[in-house]
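I open this page to record what I looked up, beginning with the division into domains and moving on to the sheet.

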Amino acid sequence: MEEAADTVPPSLRRSSLPGWPRASEPELVRHYTWLSQRNFGIDTGFYPLGSCTMKHNPRINERIVQLPGIDRIHPLQPEHQIQGLLAIFYEMQEMLEICAGMDQVTLQPVAGAQGEFTAIRCIQEYHRSNGENHRDKVIVPDSAHGTNPASAAMCGYDIIEIPSAEDGRIDLDALRAAVGEDTAAMMITNPSTLGIFEPEIAEAAEIVHTAGGQMYYDGANFNAILGKTDPGRMGFDAVHYNLHKTFSQPHGGGGPGSGPIGVKSHLAEFLPSPLVDRQEVEDGGATGDGYRYFWKTPENTIGKVQQWHGNAGAVVRAWAFYRRYGRELELMSEHAVLNANYLRHQIMNPDSETLAGIEVMPVDGAPTDVVKHEFTLSMQPLKESTGVTGKDVAKRLLDYGYMSPTLYFPMIVPECLMIEPTETESREVLDKFADDFLAILAEDPELVSTAPHSTDVRRVDEVWAARNLILRHPGSE
Ligand SMILES: Cc1ncc(COP(=O)(O)O)c(C=O)c1O
């Protein structure tokens, strides 16, 4: 050790010990427990954040990801030493391909947004390889998540936004008017961010394909249709999956994400590298399933979009989730849709006296019609009659011990609250939430518009916070 220290020039050596804090185990436990209690998570309460699909994170996933054969390996290890992990990756690729009706999946992107970027880059290379570089427009509906136009813009595309029809669904006439020789792709999620399934999606795909464009499926809402239908069948060419939503990987403050993408065969040669492939072997292979697994580089790859092979731990957790449920994953979608409809019905109960405070986005005109996994409520009538805004209601829900629903998105719904109950929530939890929600609408407007009253931090100046980022802890130098 001394010899090694001697190789450091004296001017660069420490003259005193570093001032690291020293703490006993109880102090350390207290510190981290305190930190964990300052956060609200799916493990602390009901988390109805629309579009974000806050899933329960089964603890068995954590046990599996911590097995030594997974936890203690390094991305640079040679293939023959990591056959088990490669087999898991391969199985995940295959499972995701089957459930989305795609031909090839890559697990590399680490967020839905990065998946969007990656797939749009593949589409761009596809057009270039066909000599169609002039296709420079990407079409998105006005209900799209902001990451869709942002990802396309990052690839250098101009964005064309088309208005939704009055019932919130895609307006095929507006789409027909928007497509042309310059169309590179359309990006859309189905069910939409209003929680509404687009029954005319195959027709939309035909319009875009006839114009020479590609169809991109934003898979953030896949939770609602998994096992029931798939984007391949709807006419999509590329899709991203949010393993941190549909497949139970923790997200938000809880863990790193994973946004694999799947594509139809004509786009597969452009996927990022490496993918996992396998070959039959006579000796049964290291995993005993008759295969040897290896990394493969697609022929005209766009390159890497992430270091190593993506978030391997997130992939393994999602694999554990899928292995636990198998074909029964379909039940998960059924429960997600059931919970959303049940809660929507409880809140929109026609007998409720507070109903005048809220409005739903019309679904075929009637408030009792069926939505998918999430629904939107407009607080506009409440605002007009009492001055209480959607934001006020969202803040007041914090006092009742809930995470606020998604607020002011999609922007086509005035004073929007977007609610997505986790599919594992019980009927009692949903009933209680509906009661509390309706109770808030009937409360003294002053009480609601000054909420939250019980949290450590009250209202923050969000614009100031966004413009004046403090990226270091005040205690650090
Ligand atoms: C509809 C939709 N699309 C895309 C995304 C982006 O996914 P990610 O947060 O994994 O980047 C989200 C995220 O909430 C979403 O709701």
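Entry one, domains. I am working from a predicted model, and I first looked up how the protein chain is divided, which gave domain 1 at 64-328 and domain 2 at 329-456. I then took the separation of the two, and found 31 Å between the C-alpha centres of domain 1 and domain 2. For the contact between them I counted residues within the 7 Å C-beta cut-off, and noted 23 from domain 1 and 20 from domain 2. On the side of domain 1 that touches domain 2, I sorted the residues by character and wrote down nine nonpolar, nine polar and five charged.

Entry two, the sheet. I traced an open sheet of seven strands, whose order I noted as β1-β7-β6-β5-β4-β2-β3, and whose pairing is mixed. Its edges are β1 (104-106) and β3 (158-162), each of which pairs on one side only. Averaging over neighbouring strands, with direction ignored, I recorded a turn of 20 degrees of one against the other.

Entry three, the β1 edge. Which strand do the bridges join to β1? I found strand β7 (residues 261-263), joined to β1 by three bridges, with the two running antiparallel. Following one residue across, I saw that Thr106 has Ile261 in β7 as its bridge partner. I also looked up what packs on the sheet here, and noted helix α5 (residues 83-100), which touches β1, β6 (238-241) and β7. The direction of helix α5 makes about 125 degrees with that of β1.

Definitions and conventions. Residues numbered from 1 in each chain as written. Predicted model: local features only at pLDDT ≥ 70, side-chain atom pairs only at ≥ 80, totals over all residues. Domains from an automatic or database assignment. Contact = placed C-beta atoms within 7 Å. Nonpolar A, V, L, I, M, F, W, Y, C, P; charged D, E, K, R; others polar. Pairing = 2+ DSSP bridges. Helix = DSSP H or I, 4+ residues; strand = E, 2+ residues; numbered from the N terminus. Axes fitted to C-alpha atoms, helices over the stretch in contact; angles between N-to-C directions.
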